[in-house]
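These are my notebook entries on a single model, written in the order in which I looked things up. I began with one helix and its burial, moved on to the sheet, and ended with the ligand shells.

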Amino acid sequence: MARIVGAGLMTGYLCTAQCRHCLYGCSYHGKKEFITPKKGDEVLRILKDAGVYSLHIGGGEPFLDFDSLVETIRSMNRYHIAVDYIETNAYWCYDKKSAVDKLTVLKKLGVDTVMASVDPFHIEYVPLSRPLLMCEAAREVGIGYFVWQDRFLRRLLPLDPNRVHTEEELKSLLGENYLLDTAKEYGVGMNGRALSLARKLYPLRPAKEVASKKPCSRILRGQHCHIDMYGNVIPAGCTGISIPLTEYLEETSLFDPEQYPVLSRLLTEGTKGLLAYAQPLGFDGETPCATNCDLCYRIRCFLREKAPTPEVGPDCFYEMMNGI
Ligand code: SF4
Ligand code: SF4
């Protein structure tokens, strides 16, 4: 049975930003949909039974639907699952009073830590004044906070905090190669929207050369995976793969090639097996790919058209990736 440790609960995929490195390909172009109280309760009950005692909450941007965030935390409280921290881009901190009000509500629900994302990717969408105000409000309310990552905050402080900044402006502050340098320094998991960065960082090679017969070990790792608003497990560092929570915990059905033609192959024969499945359907073995995950994503995009299965989802992820 898979063991879930250090996991996160995603309350939605929608976001106010569209960061270049976003693993979940989140953006403001998606449907306004968030986790429902019923789904949240169902997922949390299963997680509790599976021995999960704490989770962080993220998205998408969880503060986009504050009611659903609050309901999710109430449900976690019912099942005695602690909130490790809530991840946010802090866009909602445009005035001190509303920031304090929201943090006060969260503190009363037992939340003790919020995390604001600050880096050269987020700053294209969220002015620095917002996370800074969140930190100030958190100090006033007496709730813990941290900035991810502090070193980027220090580097970005010379910029006007009241507006967002373009790639060109960031190049003059951080250097011509700041996008790739930041991705490397961050240790960005090169998946989701960051695949476009991977394609600039690594040489492109034909799919048939990139394919590996090594089974993908991330799928069932269980550490740092996420459970999304639909109740599906998204493996750690991976995206665009949806595994129903109960089946993830059981593991065995995921190896059934009839039910899970994509997962079963990735779990046993790696991307080589997936390529061998997709080629007779018309996938081109010469398709240029940067990495194994890039190849996996490209085959899955192809299969969504030719042989769709629920494991290749959710739809909103592929729609928000917008053909990357
Ligand atoms: S990285 Fe965070 S803030 Fe940026 S698009 Fe993704 S969810 Fe939104
Ligand atoms: S190879 Fe595929 S399933 Fe495995 S981590 Fe990469 S994208 Fe995810």
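Before listing anything, I fixed the term: a residue is buried if 20 or more other C-beta atoms lie within 10 Å of its own, with C-beta atoms placed from the backbone. I also noted that this is a predicted model.

Entry on α4. With that cut-off I looked up α4, where Arg130, Pro131, Leu133, Met134, Ala137 and Ala138 are buried. Because they cover an arc of only 155° around the axis, they sit on the same side of α4. I then asked which elements the buried residues of α4 pack against, and found α3 (96-108), β4 (113-117) and β5 (144-148). As a check on geometry, I compared lengths: the 13 residues of α4 (residues 129-141) should span 18 Å at 1.5 Å a residue, and the end C-alpha atoms are 18 Å apart, so the two agree. Just after α4, I noted that Gly142 has a positive phi of about 85°.

Entry on the sheet. Two of the packing partners of α4, β4 and β5, led me to an open sheet of eight strands, which has mixed pairing and runs in the order β5-β4-β3-β2-β1-β7-β8-β9. Its edge strands are β5 and β9 (243-244), each of which pairs on one side only. I looked at how β4 and β5 pair and found the parallel sense, over five bridges; Val114 has Tyr145 in β5 as its bridge partner.

Entry on ligand 1. Around ligand 1 I listed Cys15, Ala17, Gln18, Cys19, Cys22, Cys26, Gly59, Gly60, Glu61, Asn89, Ser117 and His122. By class, I recorded five nonpolar, six polar and one charged residues in this shell.

Entry on ligand 2. Of the 14 residues around ligand 2, those that come nearest are Cys216, Arg218, Cys238, Cys293 and Cys296. The elements giving two or more residues to this shell are α11 (261-278) and α12 (292-306), and α12 supplies the largest share, four residues. The shell divides into nine nonpolar, four polar and one charged residues.

Entry on α12. I followed α12 further and found its buried residues to be Cys293, Asp294, Leu295, Cys296, Tyr297, Arg298, Ile299, Arg300 and Leu303. These pack against α8 (195-201), α9 (207-210), α11 and β10 (288-289). I repeated the length check here: at 1.5 Å a residue the 15 residues of α12 should span 21 Å, and the end C-alpha atoms are 21 Å apart, which agrees.

Note on methods
Residues numbered from 1 in each chain as written. Chains lettered and ligands numbered in written order. Predicted model: local features only at pLDDT ≥ 70, side-chain atom pairs only at ≥ 80, totals over all residues. Near = placed C-beta within 6 Å. Nonpolar A, V, L, I, M, F, W, Y, C, P; charged D, E, K, R; others polar. Expected span 1.5 Å × (residues − 1). Buried ≥ 20, exposed ≤ 12 C-beta atoms within 10 Å, placed from the backbone. Contact = placed C-beta atoms within 7 Å. Arc of directions from axis to C-beta. Pairing = 2+ DSSP bridges.
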